[in-house]
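Subject: Structure handover

Hello,

Here is the structure I said I would pass on. My notes on it follow below.

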Amino acid sequence: MNEVIAAVGVGAAAVVAAPAVLAGAGFTSAGVAAGSVAAMIQTPVTAAGSWFALSQSAGVLGMAATTKAAVGAVAGGITYVASLFV
């Protein structure tokens, strides 16, 4: 039962933290922040649909509900599986 509680908690925390992590990396609502990690890895040939483009889209528009669900499920799932081995 504790494994499930931990998995749900980590999943919820990941959903709440994701926008702050994106902004901290430099994916802001105004675009890529100068001098940020995002600016350092951005290239002139950044492809549409790449993880960089998707991260910037999430930084500008916010994360879609389906993306939030996926982030929570993956983080919670990893936590649950890892707790089985501790």
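I start with one aromatic residue. Setting aside the residues within four places of it in sequence, Phe52 is in contact with Phe27, Val32, Ala38, Ile41, Gln42 and Thr46. Please keep in mind throughout that this is a predicted model.

Phe52 also belongs to the largest nonpolar core, which has seven residues in all: Ala18, Leu22, Phe27, Ala38, Phe52, Ala58 and Met63. Two elements, helix H1 (2-25) and helix H3 (51-61), each give two or more residues to this core.

Helix H3 also holds Gln56. Is Gln56 buried or exposed? Its relative accessibility is 14%, and buried means under 20%, so Gln56 counts as buried. With neighbours within four places in sequence left aside, the contacts of Gln56 are Gly26, Phe27, Thr28, Gly31 and Val32. Phe27 and Val32 are thus on the contact list of Gln56 and also on that of Phe52.

Now the chain as a whole. It has four helices and two strands, and their order along the sequence is α-β-β-α-α-α. The radius of gyration is 15 Å, well over the 12 Å that the globule rule gives for 86 residues, so the chain is more spread out than a compact globule. Along the principal axes, the C-alpha atoms fill a box of roughly 50 × 25 × 20 Å.

Of the 86 residues, 24% count as buried. The accessible surface of the chain is about 5,500 Å², and carbon and sulfur atoms account for 74% of that area. As for contacts between residues at least 6 apart in sequence, 64% of them join residues at least 24 apart.

On the outside there is a nonpolar surface patch of about 860 Å². The patch is made by Met1, Val4, Ile5, Val8, Tyr80, Val81, Leu84 and Phe85. H1 and helix H4 (65-83) are the elements that give two or more residues to the patch. Which element gives the largest share of the nonpolar patch? That is H1, with three residues. H1 therefore appears on both lists, as a contributor to the core and to the patch.

One patch member, Phe85, sits in the segment after H4. Phe85 has a relative accessible area of 71%, and the cut-off for exposed is over 50%, so Phe85 is exposed.

Regards

Technical notes: Residues are numbered from 1 along each chain as its sequence is written. This is a predicted model: local features need pLDDT of at least 70, side-chain atom pairs count only at pLDDT 80 or more; totals for chains, interfaces and linings use all residues. Side-chain values use heavy atoms; hydrogens and water are left out. The radius of gyration is taken over C-alpha atoms; the globule rule is 2.2 Å times the number of residues to the power 0.38. Buried means under 20% relative accessible area, exposed over 50%, partly exposed in between (1.4 Å probe, protein chains only). Contact means heavy atoms within 4.5 Å. Accessible areas come from the Shrake-Rupley method with a 1.4 Å probe; for residues, only the protein chains shown count as cover. A nonpolar core is a set of buried Ala, Val, Leu, Ile, Met, Phe, Trp, Tyr and Cys residues joined through side-chain atoms within 4.5 Å. Patches are made of residues with over 30% relative accessible area and no salt bridge: like charges are joined within 9 Å, nonpolar side chains (Val, Leu, Ile, Met, Phe, Trp, Tyr) within 5 Å. A salt bridge is a side-chain nitrogen of Lys or Arg within 4 Å of a carboxyl oxygen of Asp or Glu.
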